[in-house]
Amino acid sequence: MKYTKEEILSKVDHTLLKPEATWPQIQALCDDAIKYHTASVCINTCYVKQAVQYMAGRVAVCCVVGFPLGAMDTASKCFEAKTAVENGAEEVDMVINIGRLKNKEYDTVREDIAAVKRAVGDKVLKVIIETCLLTDEEKEKMCDIVVEAGADFIKTSTGFSTAGATFHDIELFARCVRGRCKIKAAGGISTVEDMEKFLDLGADRLGTSRAVKLLTAE
């Protein structure tokens with residue numbers, strides 16, 4: 001392995017976003033994150049307050065907003081994000097309005113992101129563009145829009161659409177953002193080799209539910 005297990009885990013958002021996730025399952029996710037020092041746990045907003053209290057500052061709590069479709073109005077995304085931060089979330093992963101992007105309503109897409117960034121303030125904002133639904137031209141355009149809107153990360157996928165992160169998309173992100181924001185690969189990451197390749201290509205963070213199990217298997 002090019003990276004140590006600890007190095008990879010330190011870049012993982014340990015994720016559980018299934019709608020049927022129970023508190024005991026979220027608690028187990030938090031326990032894993034504490035034990036293995038992941039970057040964060042990534043969960044739905046309904047569990048943020050509980051998870052923050054349970055973590056007691058040991059690992060950051062990340063949550064998703066406008067998830068998984070991104071097709072709600074901006075005010076709703078902002079309210080959700082603001083509430084999550086008030087409940088202790090350190091990081092917010094929002095979904096863009098994909099239909100507006102397809103309409104070439106670039107100013108609307110940019111303002112949607114910028115408004116959520118204002119709502120989260122100095123907390124980390126990651127922007128999910130759902131690469132599997134976009135053309136390369138649209139992905140390239142989103143690299144600029146995400147940066148212009150003031151977000152901290154561009155992220156590939158929700159994990160709830162037709163496909164997840166690809167090596168091609170991370171290469172495209174790295175080429176187009178040119179260090180102006182960070183990169184998160186998420187969705188369908190299923191092997192340690194994939195994790196290492198994504199990091200090599202320029203990903204700063206990995207969103208996956210499998211990393212802890214894969215990297216700590218005896």
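## A tour from the whole chain to one aromatic cluster

With the whole chain shown, the accessible surface comes to about 9,800 Å², of which 51% belongs to carbon and sulfur atoms (areas from the Shrake-Rupley method with a 1.4 Å probe; for residues, only the protein chains shown count as cover). This is a predicted model, in which local features need pLDDT of at least 70 and side-chain atom pairs count only at pLDDT 80 or more, while totals for chains, interfaces and linings use all residues. Residues are numbered from 1 along each chain as its sequence is written, and side-chain values use heavy atoms, with hydrogens and water left out.

Stay with the full chain for a moment: its secondary structure comes to ten helices and eight strands (DSSP runs numbered from the N terminus, H or I of at least four residues for helices, E of at least two for strands). Of the 218 residues, 50% count as buried (buried is under 20% relative accessible area, exposed over 50%, partly exposed in between, with a 1.4 Å probe and protein chains only).

Next, select helix 3, residues 48-55, where Val48, Ala51 and Met55 are buried. These residues cover an arc of only 70° around the axis, which puts them on the same side of helix 3 (the arc is that of the directions from the helix axis to the C-beta atoms). To see what covers them, add helix 2 (23-36), strand 2 (40-43), strand 3 (60-65) and helix 4 (74-86), which are included in that cover. Just after helix 3, Ala56 takes a positive phi of about 50°.

Now show the aromatic side chains, since a search of the whole structure finds four aromatic pairs (rings of Phe, Tyr and Trp, the last by its six-membered ring, with centres within 6.5 Å; planes under 30 degrees apart count as stacked, over 60 as edge-to-face and the rest as tilted). The rings of Trp23 and Tyr47 have centres 6.0 Å apart and planes at 35°, so this pair is tilted. Trp23 lies in helix 2 and Tyr47 in the loop between strand 2 and helix 3, so the pair ties together parts 24 residues apart in sequence. Both Trp23 and Tyr47 are buried. Trp23 also forms an edge-to-face pair with Tyr54, 6.0 Å centre to centre and with 90° between the planes; Tyr54 lies in helix 3, 31 residues from Trp23. Tyr54 is partly exposed, with a relative accessible area of 24%. Ring pairs thus link Trp23, Tyr47 and Tyr54 into a cluster.

Note on methods
Contact means heavy atoms within 4.5 Å.
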